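Please open the model in your viewer and keep the selection tool at hand, since each stop on this tour begins with something to select.

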Amino acid sequence: MSVEAIEAPGADFVIDQGYERYGEEEHAIWRTLFHRQSELLKDRAAPEFLAGLAGLGIAADDIPEFERLSDVLERATRWRIVAVPGLVPDDVFFRHLANRRFPATNFIRRWDQLDYLQEPDVFHDIYGHVPMLFNPIFADYLQAYGQGGLKALKLDSLPFLARLYWYTVEFGLVRTPAGLRIYGSGIVSSKGESIYALESEKPKRLPFDLMRIMQTDYRIDDFQDIYFVIDSYEQLFEATRPDFTPYYAKLKTLPTITPGDVLPGEQEIAAPNRVA
Ligand code: HBI
Ligand code: FE
């Protein structure tokens, strides 16, 4: 691996993906994750995710080149992928989303992190997030989310909106005629949580409710204690249409709900799927 100076990120934290720096090991880790998750998700992921994954088909055997993958994605929903060194500041993140640019981390996890790592790597960002960006409704939702994020920052209300991202984009479930299915990137990029989210009796599962989600805290260091289930991506997109200013004002007067708590009168979604 040649040690040349890796250019410092610009104000938008975009860097060169550094494709030539990936060695055979990195591609082998990607290949292992890609094939293992694709097998596991056949009857667990949402149809829209699986359809997007087919669009990503070019990436089955090696870490994809973001520029090439962006050309495929752009033709579908006008999104592009930009390389970033890792988590970027919230305002930078939202500005990218608001401009239909998905910031994808360029490093990949190590063999000993195959089953779980806390921060996003290229597998989480590309395999986890990009397939849903092939879905036109979801692609519009994520741009609307980015625009909402920039507004939330101005209203000092970011934590509320971060919860919406967390419980939909990262850990969302969707109802289908065949039962609950996964569309959240944090779940589909994790072997253990892909099974736990649909089949474990431990987590609660509630119907999507915008204010309930923005009132509910979340944990970043373990499988989720609660999941929210949408009926459709249109439901998500419609939920982001109104101006959130009054919602934030109301939320600031309400207590934070602990993940895993179910309030009186809330109807939990029926027992989890038993995948045949
Ligand atoms: N940066 N690269 C990257 N990827 C993310 O998913 C991300 C981020 N910065 C902030 C962030 N997510 C969340 O905290 C916001 O959704 C609030
Ligand atoms: Fe993510």
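In which pocket does ligand 1 sit? Bear in mind from the outset that this is a predicted model, then select ligand 1, which sits in the largest pocket.

Next, show the residues around ligand 1, which are Val84, Gly86, Leu87, Val88, Asp90, Phe93, Phe94, Tyr145, Ala162 and Tyr165. Among these, begin with glycine 86, where a backbone N or O atom lies 3.0 Å from a nitrogen atom of the ligand. Move on to valine 88, one of whose polar backbone atoms is 2.8 Å from a nitrogen atom of ligand 1, and then to aspartate 90, where the contact comes from the side chain: an N or O atom there is 3.3 Å from an oxygen atom of ligand 1. Of the 400 Å² of accessible area that ligand 1 has on its own, the protein covers 87%.

Now colour the helices α4 (90–98) and α7 (158–170), the elements that give two or more residues to the shell around ligand 1; α4 supplies the largest share of that shell, three residues.

For the last stop, leave the ligand and select the open sheet of four strands, which has the order β4-β3-β6-β5 and mixed pairing. Its edge strands, β4 (179–182) and β5 (204–207), each pair on one side only, and the twist from one strand to the next averages 35 degrees. Zoom in on strand β3 (residues 173–176), which runs antiparallel to β4 and is joined to β4 by four bridges; within this pair, leucine 173 stands opposite isoleucine 182 of β4.

How values were computed:
Residues numbered from 1 in each chain as written. Chains lettered and ligands numbered in written order. Predicted model: local features only at pLDDT ≥ 70, side-chain atom pairs only at ≥ 80, totals over all residues. Heavy atoms only, no water. Pairing = 2+ DSSP bridges. Axes fitted to C-alpha atoms, helices over the stretch in contact; angles between N-to-C directions. Near = heavy atom within 4 Å. Polar contact = N/O pair within 3.5 Å; in protein donor to acceptor, adjacent residues only side chain to side chain. Areas by Shrake-Rupley, 256 points an atom, 1.4 Å probe, with all protein chains shown as cover. 1 Å grid on protein atoms, 1.4 Å probe; cavity = no way out; pocket = protein on both sides within 12 Å on 5 of 7 lines; lining within 4 Å. Sits in = over half its atoms within 2 Å of the grid points.
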